[in-house]
Amino acid sequence: MHSPVRSRGRGRCARLLTRSLQLLVVTGRSRYAEYAPLTQALSIKAAWNGTETYVVGKRRLSVDDDSYLILNEGRTYSSVLQSDGEADSFCVFFRPKMADEVLGGMSASLTQAADNGPQGALRKSHFAENLRPHDDIVTPPLVQFARKVRGGTDEADAIEEAMQSLLQRMFGADRRLRDHECAIASTRPSTRKELLRRINWAADFISSNYATPITLDEIAAAASLSKFHLIRLFRQVHDMTPHGYLVNKRLAAANRLLDRAELDLGEIALLTGFGTRWSLFRHLRKKTGESGAALRKARRRTTEAQKGPG
């Protein structure tokens with residue numbers, strides 16, 4: 001098991017291993033954990049109440065409450081988990097070739113399934129390695145899986161079934177992600193695929209660096225595109241400009257921090273990249289029609305109402 005080089009807080013992990021199955025699920029809660037580079041199996045990563053940043057080649061991909069990440073079998077990477085409080089990290093490592101088995105099964109007809117027998121068929125799998133916004137395909141079973149593991153399950157067969165189901169949904173989400181290629185106005189499939197890859201680099205850069213001042217030049221450099229083509233293609237894929245995407249990411253982070261009573265709006269503005277209280281106020285007003293103070297009061301009333309008497 002890949003143990004942290006340095007860590008603070010408390011951690012917890014589950015490892016499931018049988019003679020025929022190698023199933024590994026790691027879950028932990030910590031304020032800080034650092035993992036040295038290691039070559040791993042296919043995995044899916046999630047983090048809540050904090051940020052876990054993965055260094056993959058020259059890219060830095062930050063997983064937080066808004067996103068999850070899939071890294072392919074044989075990928076070498078390192079990571080750092082950090083949070084002001086205790087963050088939850090959850091990672092599922094699939095056994096070698098498991099994704100190829102699932103994809104082969106999904107691609108086979110019932111006749112082929114009968115002919116193939118218990119061995120099944122293999123089909124080479126590969127996932128796009130980008131930050132993916134939480135969705136209605138992968139996120140629900142991922143959260144349910146995390147709860148099951150944290151609840152203390154040690155049934156290898158149940159975990160195997162959950163992994164099989166999760167992989168099917170991961171392939172479904174990957175197809176949806178690749179469908180974005182159709183939005184790019186190019187007649188050559190190979191060109192569309194490459195341009196989508198670069199636009200995803202831009203989105204990843206924004207999501208991983210939103211808390212700091214970043215410029216359109218830096219986003220374009222991350223995508224290896226000119227600013228003209230970045231804006232044009234980004235709008236085709238995401239229905240908004242890179243700046244609009246950045247503002248939405250900052251607002252999502254700010255909305256989470258509004259629940260923390262110890263932070264004032266000026267501090268939230270600094271932590272989410274808005275810089276000033278006025279800038280945060282202006283964007284909140286434009287997005288929701290309410291100020292940060294009004295949103296905070298509304299949340300406090302909702303919380304009090306949910307508590308009930310006593």
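**Note on the predicted model: cores, aromatic pairs, strand pairing and confidence**

1. Leaving aside its neighbours within four places in sequence, leucine 167 is in contact with Leu42, Phe94, Met98, Ala99, Val102 and Phe127. This reading, like everything below, rests on a predicted model.

2. Leucine 167 also belongs to the largest nonpolar core, a set of 29 residues in which Ile44, Phe90, Phe94, Phe145, Leu167 and Met170 touch the most other members. At least two residues of this core come from each of strand E4 (43–48), strand E7 (67–71), E8, helix H1 (98–107), helix H3 (139–150) and helix H4 (156–178), and H4 gives the most, with eight residues. A second core, separate from this one, has 20 residues, among them Ile184, Ala223, Leu230 and Ala253.

3. The aromatic pairs deserve a closer look, and the count comes to five. In one of them, the ring centres of phenylalanine 90 and phenylalanine 145 are 6.0 Å apart and the planes stand at 70 degrees, so the pair is edge-to-face. This pair links distant parts of the chain, with phenylalanine 90 in strand E8 and phenylalanine 145 in helix H3, 55 residues apart. Both phenylalanine 90 and phenylalanine 145 are buried.

4. For phenylalanine 234 and tyrosine 245, the ring centres lie 5.3 Å apart with the planes at 85 degrees, so this pair, too, is edge-to-face. Because phenylalanine 234 lies in helix H7 (residues 227–238) and tyrosine 245 in helix H8 (residues 242–257), the pair ties together parts that are 11 residues apart in sequence. Phenylalanine 234 counts as buried at 0% relative accessibility, and tyrosine 245 counts as buried at 18%, the cut-off being under 20%.

5. Strand E5 (residues 51–56) pairs in the antiparallel sense with strand E8 (residues 76–93) over five bridges, and E5 pairs in the antiparallel sense with strand E6 (residues 59–63), again over five bridges. Threonine 53 has valine 80 as its bridge partner in E8 and stands opposite serine 62 in E6. E5 and E6 form a hairpin with two residues between them, and glycine 57 in the turn has a positive phi of about 65 degrees.

6. On confidence, the protein averages a pLDDT of 85, and 83% of the residues score at least 70. Among its elements, helix H6 (residues 216–223) has the highest mean pLDDT, 98, and strand E2 (residues 14–17) the lowest, 43. Two stretches call for care: pLDDT stays under 50 over residues 10–21, for which the model has 31 contacts beyond four places in sequence, and under 50 over residues 301–310, for which the model has zero such contacts.

Notes:
Residues are numbered from 1 along each chain as its sequence is written. This is a predicted model: local features need pLDDT of at least 70, side-chain atom pairs count only at pLDDT 80 or more; totals for chains, interfaces and linings use all residues. Side-chain values use heavy atoms; hydrogens and water are left out. Two strands pair if DSSP finds at least two bridges between them. Helices (H or I, at least four residues) and strands (E, at least two) are DSSP runs, numbered from the N terminus. A nonpolar core is a set of buried Ala, Val, Leu, Ile, Met, Phe, Trp, Tyr and Cys residues joined through side-chain atoms within 4.5 Å. Buried means under 20% relative accessible area, exposed over 50%, partly exposed in between (1.4 Å probe, protein chains only). Contact means heavy atoms within 4.5 Å. pLDDT is the predictor's confidence in each residue, from 0 to 100. Rings of Phe, Tyr and Trp (its six-membered ring) pair if their centres lie within 6.5 Å; planes under 30 degrees apart count as stacked, over 60 as edge-to-face and the rest as tilted.
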